[in-house]
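Biologist: I'm new to this one and would like a close look at a single part of it. Could you take me through the aromatic rings and whatever sits around them?

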Amino acid sequence: QVQLVEVGGGEVQPGGSLRLSCAASGSIFSINVMGWYRQAPGKQRELVATITSGGSSNYQDSAKGRFTISRDTAKKSVYLQMNNLKPEDTAVYYCYAEVVLSDYEVLDYWGEGTLVTVSS
């Protein structure tokens, strides 16, 4: 069983910063892609940023220049540094991992989510 545990959500004023962390645990051989998605009230879940095992990153346009994704392979962890937050960034943020369980099995896992609220 694989678990993803997120920490770091909270409430911040517009222009503020937050850092989200997510650690994977369980019977993991390796992790291909890790990333962050978010879901705002009444909207579909959307990609925020992803990072491959080789360190290549991909961002949603609204996150470029404000958010930075990074990962620590040894710790099976991914991080999201969010700067200059805006009210429209308010959402539940979900950690994602494409986990290699064996030579024959690759599965997607999700964390339970952490709420980020940007409000004055």
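How many aromatic pairs does the structure hold?

Modeller: Happy to. Keep in mind that this is a predicted model. The count you asked for is 3 aromatic pairs. Let's begin with Tyr37 and Trp110, which meet edge-to-face: their centres are 5.0 Å apart, with 70 degrees between the planes. This pair ties together distant parts of the chain, since Tyr37 belongs to strand S4 (residues 30-39) and Trp110 to strand S10 (residues 105-110), 73 residues apart. As for how much of each one shows, Tyr37 is buried, because its relative accessible area is 19% and the cut-off for buried is under 20%. Trp110, at 36%, is partly exposed.

Trp110 has another ring partner, Tyr96. Here the centres are 5.1 Å apart and the planes stand at 50 degrees, so this pair counts as tilted. It too links distant parts of the chain: Tyr96 sits in strand S9 (residues 91-102), Trp110 in S10, and 14 residues separate them. Tyr96 is buried, with a relative accessibility of 10%. Put Tyr37, Tyr96 and Trp110 together and you have one aromatic cluster.

Now bring in a charge. The charged end of Arg45 sits over the ring of Trp110, 4.7 Å from the ring centre. Arg45 also lies over the face of Tyr94, this time at 3.7 Å from the centre of the ring.

From the cluster we can step over to the nonpolar residues. In general, nonpolar side chains tend to be buried together in soluble globular proteins. In this model, the largest nonpolar core has 31 residues, and Trp36, Phe67, Leu80, Met82 and Tyr93 are the ones with the most contacts inside it. Several strands supply at least two residues each, among them S4 and S9, which we have already met, and strand S5 (46-52). S9, home of Tyr96, gives the most to this core, with 5 residues.

A good way from the cluster into that region is Val48, which has its place in strand S5. Val48 is buried, with a relative accessible area of 1%. Leaving aside residues up to four places away in sequence, Val48 touches Tyr37 from the cluster, and its other contacts include Trp36, Phe67, Leu80 and Tyr93. Leu80 in turn touches Val48, along with Trp36, Phe67, Tyr93 and others, again not counting residues up to four places away in sequence. For a sense of scale, Val48 and Val78 are 13 Å apart in space, C-alpha to C-alpha, and 30 residues apart in sequence.

One more piece of the surroundings is a sheet. As a general point, strands of a sheet pair through backbone hydrogen bonds, either parallel or antiparallel. The sheet to look at here is an open one, made of 4 strands in the order S1-S3-S8-S7, with antiparallel pairing. Its edge strands are S1 (2-7) and S7 (67-72), each of which pairs on one side only. From one strand to the next, the twist averages 15 degrees. Inside the sheet, strand S3 (residues 18-26) and strand S8 (residues 77-82) pair over 6 bridges in the antiparallel sense. If you want a spot to find on screen, Ala23 stands opposite Ser77 in S8.

Terms used: Residues numbered from 1 in each chain as written. Predicted model: local features only at pLDDT ≥ 70, side-chain atom pairs only at ≥ 80, totals over all residues. Heavy atoms only, no water. Phe/Tyr/Trp six-rings, centres within 6.5 Å; stacked < 30°, edge-to-face > 60°. Buried < 20%, exposed > 50% of the residue type's maximum accessible area, 1.4 Å probe, protein only. Lys NZ or Arg CZ within 6 Å of the ring centre and 35° of its normal. Pairing = 2+ DSSP bridges. Axes fitted to C-alpha atoms, helices over the stretch in contact; angles between N-to-C directions. Core = buried A, V, L, I, M, F, W, Y, C linked by side-chain atoms within 4.5 Å. Contact = heavy atoms within 4.5 Å.
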